[in-house]
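User: Pick one part of this model and take me through it closely, then work outwards from there. Give me the cut-offs as you go.

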Amino acid sequence: MRSSTPGESERALAWLFAQRRQGPRGLSRVRALLSRLGQPEADFLAIHVLGTNGKGSVVAYLEAAFRSSGMPFGAYTSPHLLDFRERIRTHMGWIPMEEVVAFVDWARGQTFPEPPAFFDLATALAFAHFRKAGVLLAAVEAGVGGGLDATNALARVAVTVLTNVGEDHLEALGGSLESVAWEKASAFRKGVPVVTGARGVGLEVARKVAAEKGSPLYVLDSEDPLFALPAPPRLKGAFQEENARLAAAALRLLGFSEEAIAQGVQGARHPGRMQEVPYQGVRLLLDGAHNPPAAQALARELPAYHLLFGAFPRKDVKGVLGHLLPKARSVRYTRAGEGALGRELGEPFFEEPEEALGHAVEAAKKDGLPVLATGSLYLVGSLLAVLGQDPA
């Protein structure tokens, strides 16, 4: 496969990002794609990772364990921070751009009764790449929900992880916490073990669905050896302990060695989540918390900070800020990216994240507190670009 030119890459990605879903959510579009590609989803085993928060962190722990074991592995996550290829990774690294371009060229030449949307296309591309790379086991993060999410087209799920159930994407998942739980749990597979950290309504629903499908359910318990941590998690934040325990349990169910599990817990990398970057003599913390549960967990980690905040429509901005503002010594709002909320967030508002960052840094220099930039992973990506940071 020849190398793609920068122009070809830009045009391919522009087309990919422009594909919008038409009609209701469902699997028919991605299944049509996978059928045309020769059913690549049948060529590898998968750990399907569902939940409101912590999915990407669980995948990061799993991925590090896979790598330490030496097996051909895959990982599929979303969104990306700076480069689309971050979403699709194997033991050989990120998916090559020429493969992305070739897939887009192929997809543009196809016609479907229901045109596939961006996430359908990205998911099909990931599964096709896993087959090409000889992946044996992949960690696959669901996008929104579970049963109707494109990733549920997986054919060979070995373990399902349901991290938790919280209020996010309510408009797409039925409007209530219970409906969110049912949609996520609907991805459980008959007889396939489920590992979960869900509580309350989420756990009640998970128990019902698991019982109906005959799926063994393992509920997070720090006293249970299945969830034991062989080493402290590398990723920062008290909430990472639960994510690491869920990953460790899934790995044990699949027969991974304790050494590989320890390497996974200690070797995980997850840029943009409690990521600390020194900047102009100030501690800059970057985190993608975009819903109330994530914001609450994030706020617990710091006694005080100068807040830099950006968000997108359809997010519970009031709920997120309700957790973040009490500890904020000052706040600056900015546009997190194309299509993000603007001045309606509040004042002072800065159109460019770089300008907002500079303003926050000056305040932080006066009292030594950190700058916390959060509200969207797209904002984190914008700031990483400004800082010249590489998410690889």
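Analyst: Let's start with a salt bridge, meaning a side-chain nitrogen of Lys or Arg within 4 Å of a carboxyl oxygen of Asp or Glu. This is a predicted model, so local features need pLDDT of at least 70 and side-chain atom pairs pLDDT 80 or more, while totals for chains, interfaces and linings use all residues. Numbering runs from 1 along each chain as its sequence is written, and side-chain values use heavy atoms, leaving out hydrogens and water.

The whole structure has 15 salt bridges, and the one to look at joins the side chains of Arg25 and Glu183, at 3.6 Å from N to O. It ties together distant parts of the chain: Arg25 is in the loop between H1 and helix H2 (28-36), Glu183 is in helix H6 (residues 177-185), and 158 residues separate them. (Helices are DSSP runs of H or I with at least four residues, strands are runs of E with at least two, both numbered from the N terminus.)

Now follow each end outwards. On the Arg25 side, the loop comes after helix H1 (residues 6-18), and H1 packs against helix H4 (residues 97-108) at about 55°, with the axes 9 Å apart. Axes here are lines fitted to C-alpha atoms, over the stretch in contact for helices, with angles from 0 to 180 degrees between N-to-C directions. The H1/H4 crossing is left-handed, that is, the near helix is turned anticlockwise from the far one by less than a right angle (clockwise would be right-handed). Contact, meaning heavy atoms within 4.5 Å, is made by Glu8, Ser9, Ala12, Leu13, Trp15 and Leu16 of H1 with Met97, Val100, Val101, Val104, Ala107 and Arg108 of H4.

On the Glu183 side, H6 has a partner too: its axis and that of helix H7 (residues 200-213) come within 9 Å and cross at roughly 35°. That crossing is right-handed. From H6, Leu177, Glu178, Ala181, Trp182 and Ala185 reach Val201, Gly202, Val205, Lys208, Val209 and Lys213 of H7.

What about the sheets? An open one has eight strands, ordered S4-S3-S2-S5-S1-S6-S7-S8 with mixed pairing; strands pair if DSSP finds at least two bridges between them. Strand S4 (93-94) and strand S8 (217-219) are the edges, each with a single partner, so one side of each has no neighbour in the sheet. Inside, S2 and strand S5 (residues 137-141) run parallel, joined by four bridges, and Tyr76 sits opposite Val140 in S5. Helix H8 (residues 240-253) packs on this sheet, touching strand S6 (157-162), strand S7 (194-196) and S8, with its direction at about 160° to that of S7.

Further along is an open sheet of six strands, S9-S10-S14-S11-S12-S13, also with mixed pairing. Its edges are strand S9 (275-279) and strand S13 (349-350), each pairing on one side only. Strand S11 (residues 305-309) and strand S14 (residues 371-374) run parallel through four bridges, with His306 opposite Val371 in S14.

A few backbone oddities to finish. The Ser78 to Pro79 peptide bond is cis, with omega about -5°, and Pro79 lies in the loop between strand S2 (73-76) and strand S3 (88-90). Glu347 to Pro348 is cis as well, omega near 0°, in the loop between S12 and S13. Lastly, Gln39 isn't a glycine but has a positive phi of about 55°; you'll find Gln39 in the loop between H2 and strand S1 (45-50).
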